[in-house]
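Welcome to a set of short exercises on reading a protein model. Have the structure open beside you, try each task, and then follow the solution step by step.

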Amino acid sequence: MTGIGVEVGAQSARARALAVLRIRSRALAVALLPAAVAVVLLVGASTGHLVGPGWHAARWVVTPVAALVLLAAAGIALVVARARPAVSPTVAIAEEQAPDLYRMVRDLADRLDVPAPSAIALTPDCDSWLEDRTHPSHGPPPAEDRDEHEVNGLRGGSTHGTHRRTPAAPVLVIGSPFLWWMRVGELRAVLAPVVAGTGPSAHPDIAQARRFVRGLDAAVAVASTRGRCPGSRAVCAGVGWVARLLLRSCREHATEMERGVASAAAERAQAVDYGLRIVAQEQVGLAYAGWDRLLTRVALPAWRMGRWPSRLDAGVVAALTELSRRDRLAEGFASRLGERPACDLLEEPGTIDEAASLLAARLFHGGPAESGQDWSPVDWQEYPEEVVDRKWRTDAARLHRVLDALGVRRTTGGAPPEASGPTLARVMDHLSVPPDSSTARPADAHATPAAPPPAPKPPKAPYAAMSEDGSPDDQETERSSALAAGLTAELAREEAAAPAEQTASPVPDATLLDIGALPLFPLQPPRTARELLTDHVTAMVCCAAMDTAGAAPGLDWLDGPTLLIDGERAADLTPRVLSLIEDGDPVPLRAWLVESGIRPEKPVRLV
């Protein structure tokens with residue numbers, strides 16, 4: 001049954017590939033039709049058959065039109081043939097850097113009876129695929145102009161030390177978190193359906209159809225990208241219109257062709273490690289969950305501080321280990337960790353992990369391509385001091401600058417002289433509700449119905465904040481909103497004053513990273529003003545805890561920066577901060593401060 005399924009999928013893919021090639025042939029026939037008519041008219045005149053004023057006028061009209069159509073068709077064909085198809089940013093892995101990994105992939109290809117991938121590359125994501133890099137512009141540079149042992153986070157394609165211009169088979173792209181989290185057998189089972197896709201890819205019709213579709217896609221990109229088209233806007237618009245028209249005609253056939261290829265590959269891989277692949281798919285979902293938490297909770301705060309964790313994949317292992325320990329995902333989890341991890345197939349896993357971590361920072365955050373004074377790597381051991389402590393003190397300093405700009409006094413009437421510095425009490429007093437008669441409700445109001453009603457509140461200022469239902473918020477929300485707006489403006493000014501990041505890739509053969517639109521895959525939308533205020537007030541509380549109660553910054557693999565008090569994580573801080581910000585109620589936070597031995601009236605150290 002497996003052989004029948006493979007044959008059905010392959011036949012479906014070949015049929016769709018032929019449909020794509022027929023569309024290419026029709027386009028060529030349309031381009032040659034005026035030239036064919038012109039040739040008939042000219043030959044008829046030379047033989048004395050098509051003579052007369054009417055035929056003479058037709059020759060004068062059709063011949064220039066045919067020449068223009070041929071020139072236009074030749075130009076479009078040249079753009080389609082020479083335009084470089086998009087290439088995913090990857091970390092190239094030379095065979096010298098991972099001989100065991102290459103050996104495992106070749107053995108897998110032999111068992112599947114398909115061609116082995118031409119090269120292996122890593123992507124900082126939880127996915128694996130085959131990528132065709134047979135275009136001449138994707139070929140490796142001359143051997144004398146490159147170092148075969150160099151790992152470049154921005155280079156993709158084959159790194160074999162040969163002089164061939166293009167690889168014969170697709171490049172196998174593997175998600176780097178898989179290598180660090182999965183065991184060798186699990187990785188082999190997960191890669192079986194992917195490697196099996198090299199079989200249909202070797203079919204001439206499918207290969208030609210894919211090259212045609214990729215060429216059209218690249219031509220559309222060339223025509224729509226400012227500065228890339230050497231001709232005028234009209235010429236670029238014409239090329240783009242023709243390419244889009246052909247792409248729309250090929251879309252359904254190309255989609256069904258890829259589905260047929262995937263179906264044939266999946267059927268072919270059924271006989272290889274089928275039982276283990278079911279278990280490995282569970283690890284794929286687990287790896288994705290840990291990778292997402294690590295990027296959004298741990299890596300993103302560091303990237304915003306100008307530091308990029310240099311061992312993200314190793315952090316995935318720590319995060320998933322912690323997740324498994326907390327949730328008790330599997331009884332045999334400890335025995336599984338005792339098996340050989342897939343990263344042992346690499347000769348220098350640390351170097352490759354660092355290259356993948358830098359590429360992840362570029363793709364998901366938009367950082368520069370190389371380390372610098374404001375963009376340096378950080379180890380996990382240094383993360384609490386270099387990232388968490390610095391982040392909190394930077395946010396606290398920004399909070400007090402905005403308070404100064406709003407004219408908030410540093411001390412109250414009976415405050416000691418040393419409280420004139422940056423204190424937590426200043427923030428809490430500003431956000432707290434003043435207990436006056438206009439807002440306070442008597443405790444025995446229900447027992448005194450004859451009591452006079454409270455005095456009406458003064459009218460709101462024109463800039464008063466509005467709640468979600470459209471009604472004006474209370475006084476404490478006005479203060480929070482004003483402070484949040486000031487923080488948003490201050491942060492925007494800092495980002496505008498920061499030097500522009502290096503967005504152009506220094507590697508000449510990069511295609512996705514040279515468009516100047518980093519990050520390509522932003523992790524989260526911009527923080528709202530209320531989220532910014534919550535982060536800054538929490539940072540001020542953490543600074544006060546570190547400077548007055550001996551607390552320490554810490555790292556939680558699943559939740560990111562955390563405050564450690566007496567070696568234990570302070571997990572109940574955020575609700576109390578939200579009570580202060582949203583309701584103007586400082587009582588829960590003051591009770592927590594007293595319980596933790598934190599003195600809000602003491603100045604804290606800022607950056």
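## Exercise 1: A small sheet

Strand 7 (residues 552-556) and strand 8 (residues 560-565) run antiparallel and are joined by five bridges. Strands here are DSSP runs of E with at least two residues, helices are runs of H or I with at least four, and both are numbered from the N terminus. This is a predicted model: local features need pLDDT of at least 70, side-chain atom pairs count only at pLDDT 80 or more, and totals for chains, interfaces and linings use all residues. Residues are numbered from 1 along each chain as its sequence is written, and side-chain values use heavy atoms, with hydrogens and water left out.

**Task.** Work out in which order the three strands form the open sheet.

**Solution.**
- Step 1. Begin with strand 7 and strand 8, which form a hairpin with three residues between them. Two strands count as paired if DSSP finds at least two bridges between them.
- Step 2. Find partners along this pair: Leu555 has Pro561 in strand 8 as its bridge partner, and Ala552 stands opposite Leu564 in strand 8.
- Step 3. Move on to strand 9 (residues 568-569), which runs antiparallel to strand 8 and is joined to it by two bridges. Here the bridge partner of Ile565 is Glu568.
- Step 4. Put the pieces together: the order is 7-8-9, with antiparallel pairing. Strand 7 and strand 9 are the edge strands, each pairing on one side only.

In general, strands of a sheet pair through backbone hydrogen bonds, either parallel or antiparallel.

## Exercise 2: Two unusual turns

**Task.** Is Asp566 buried or exposed?

**Solution.**
- Step 1. Locate Asp566 in the loop between strand 8 and strand 9. These strands form a hairpin with two residues between them.
- Step 2. Check the backbone: phi of Asp566 is near 55 degrees, a positive value in a residue other than glycine.
- Step 3. Recall the cut-offs: buried means under 20% relative accessible area, exposed over 50%, and partly exposed in between (1.4 Å probe, protein chains only).
- Step 4. Asp566 has 75% relative accessibility, so this residue counts as exposed.

Now try Asp113, in the loop between helix 3 (99-112) and strand 2 (119-123). Phi of Asp113 is near 60 degrees, again a positive value in a residue other than glycine. Asp113 counts as exposed because its relative accessibility is 64%.

## Exercise 3: The nonpolar core

**Task.** Find how many residues the largest nonpolar core has, and which helix supplies the largest share.

**Solution.**
- Step 1. Know the rule: a nonpolar core is a set of buried Ala, Val, Leu, Ile, Met, Phe, Trp, Tyr and Cys residues joined through side-chain atoms within 4.5 Å.
- Step 2. The largest nonpolar core has 111 residues, and Leu563 and Trp592 are among those with the most contacts inside it.
- Step 3. Helix 9 (residues 274-304) gives the largest share of this core, 12 residues.
- Step 4. Apart from this core lies another, of 22 residues, including Ala13 and Val239.
- Step 5. Look closely at Leu563: leaving out residues up to four places away in sequence, Leu563 touches several residues, among them Trp392, Met546, Ala552 and Trp592. Contact means heavy atoms within 4.5 Å.

To finish, take in the whole protein: there are 18 helices and nine strands, and buried residues make up 44% of the 607 residues.
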